[in-house]
Amino acid sequence: MTHTTLPVHPSRQAFTAARNACKMCTPLGACLAFTGIEGAVPLLHGSQGCSTYIRRYLISHFREPMDIASSNFSEQSAIFGGADNLKTALTNVIRSYSPTCVGVCTTCLSETIGDNVSAIVGEFRKGAGDGGPAIVHASTPSYYGSHFDGYIAAVRAIVEQLAQGGEGEADLVNVIPGMVSPADLRYIRELVEDFGLKCNLLPDYAERLDGSAWAEYQKIPAGGTPMADIRRMGRAAATLEMTTVADFAKTGGGALSARFGVRRIGLGLPIGIDATDALCTALQEVSGRPLPRRHADERGRLVDAYVDGHKYIAEKRVLIFGEEDMVISLAGFAAEIGLKPVLCASGGHSGRFAAEIARVAPDCRTLDDVDFEDIADASGEIDVDVILGNSKGYKLAKSLKRPLVRVGMPIHDRLGAARILHVGYRGTQQLFDRIANAILEHSQDSNEIGYSYL
Ligand code: SF4
């Protein structure tokens, strides 16, 4: 845990286990990344319960079908190793789905017993002969890391195992976007393409996890980054990678830089004007084109909204929790619009969270590697006006009697999580309106008179 000035609450002293974790399990993030490849099927090497939990979580957030295969450990495989189970699972998945790619993620159990998954996959490939789908393995033990670490590990594994070099393509840009919504992915593609660039987005689960209704059942829903595009990643002019906490040496953008010399441009999630300007400046530099008119117009409307709304939100105190990159970008955005971030918390523990928050909101307290009990203890010692985070913080918001503006993931208690737009001038506009209106609604509802003109 990165330390904070907050004392440990007496109720915490007897606990070493997480209670209502402020993160999700590591292979969940990897499964999400593999779902962003066209025709891919994620496969968990471990017990069935892990895939059931991840399916349930992702289905309830995205409200779309989500198949995650499992190598289905038994007591015997837990003791003697799961090589046979994994080979059988690969055979069954390939026969049932005819996938382009199988994304094998490990679980706590298979990591604990020390299965050598790379060797098992190698043996399977030899036995299966030529052809067949790509099989990508990512190591994702959940006792180390969070869903975000799983996502980063899977993207890195995909790039390392599938990307190829070749003649450079000056108008091709790789984008590794972080754990954002399908609406965010659609927006990022639109923005990059409006600069006249080809957008190689990895992963791209925009259609697969927020698609249209089907006339007929599809075993693997349409959408995702085509395998051919992943292979071209080594030829791109640049990689835009949206994370400030991941270690460059462990990311997909880092691998592309080290292996193929593709320039990596590291950015935070583009939430707020400053952060979106940074993204657009990078795109201007790579494309040689100015900010397209419609995006300049959106920026102008956003500045106007800031002017209109500042009197309602200035100096309001905000608590932000969730995945580290999302919290950091939201804190920067909050500071930009005059909100005061007073507590930023995450279940992640990259080791960079406190420093990144200090950069954008120097007076804010930070907590990382914490659960919701820790956050509740800390929030009892401060006053907040509004809360930004996922739906796992609902009980906290209810106990504090403060509005929760739902962002990030998971969101299990509202519809439309896949369509929340967080990023860019357009997403920032929507977030700004939602936050200002949540504050107005709360002050209206908690006022005896209930003014109708605010
Ligand atoms: S056992 Fe580990 S991998 Fe499986 S669901 Fe639990 S935390 Fe995730």
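In this predicted model, Trp 214 has a relative accessibility of 33% and therefore counts as partly exposed, the range for that class lying between the limits of 20% for buried and 50% for exposed residues. Tyr 217, at 60% relative accessibility, passes the upper limit and so counts as exposed. The six aromatic pairs of the structure include one formed by Phe 62 and Tyr 205, whose ring centres lie 6.2 Å apart and whose planes stand at 70 degrees, so that this pair is edge-to-face. Because Phe 62 belongs to helix α2 (residues 48-62) and Tyr 205 to the loop between β6 and α9 (227-231), the pair ties together parts that are 143 residues apart in sequence. Both Phe 62 and Tyr 205 are buried. The rings of Trp 214 and Tyr 217 also pair, with centres 6.1 Å apart and planes at 65 degrees, and this arrangement is therefore edge-to-face as well, planes over 60 degrees apart being assigned to that class.

An open sheet is built from four strands, which follow one another in the order β6-β5-β7-β8 with parallel pairing. At its edges stand β6 (198-201) and β8 (263-267), each of which pairs on one side only. On average, and with direction ignored, neighbouring strands of this sheet are turned by 25 degrees against each other. Within the sheet, strand β5 (residues 169-176) is joined to strand β7 (residues 236-242) in the parallel sense over five bridges, and Val 173 has Ala 238 in β7 as its bridge partner. Helix α10 (residues 252-260) packs on the sheet and touches β5, β7 and β8, while the direction of the helix makes about 150 degrees with that of β7.

A further site is centred on Asn 390, which is found in the loop between β12 (386-389) and α16 (394-400). With a relative accessibility of 6%, Asn 390 counts as buried, since the cut-off for that class is under 20%. The side chain of Asn 390 reaches two backbone atoms, namely the nitrogen of Lys 392 at 3.0 Å and the oxygen of Met 409 at 3.4 Å. When residues up to four places away in sequence are left aside, Asn 390 touches Phe 321, Gly 322, Phe 372, Leu 404, Val 407, Met 409 and Pro 410. Met 409 thus appears both among the residues touched by Asn 390 and as the owner of a backbone oxygen that the side chain of Asn 390 reaches.

Notes:
Residues are numbered from 1 along each chain as its sequence is written. This is a predicted model: local features need pLDDT of at least 70, side-chain atom pairs count only at pLDDT 80 or more; totals for chains, interfaces and linings use all residues. Side-chain values use heavy atoms; hydrogens and water are left out. Two strands pair if DSSP finds at least two bridges between them. Helices (H or I, at least four residues) and strands (E, at least two) are DSSP runs, numbered from the N terminus. Axes are lines fitted to C-alpha atoms, for helices over the stretch in contact, and angles run from 0 to 180 degrees between N-to-C directions. Contact means heavy atoms within 4.5 Å. Rings of Phe, Tyr and Trp (its six-membered ring) pair if their centres lie within 6.5 Å; planes under 30 degrees apart count as stacked, over 60 as edge-to-face and the rest as tilted. Buried means under 20% relative accessible area, exposed over 50%, partly exposed in between (1.4 Å probe, protein chains only). A polar contact is a pair of N or O atoms within 3.5 Å; within protein, one must be able to donate a hydrogen and the other to accept it, and residues adjacent in sequence count only if both atoms are side-chain atoms.
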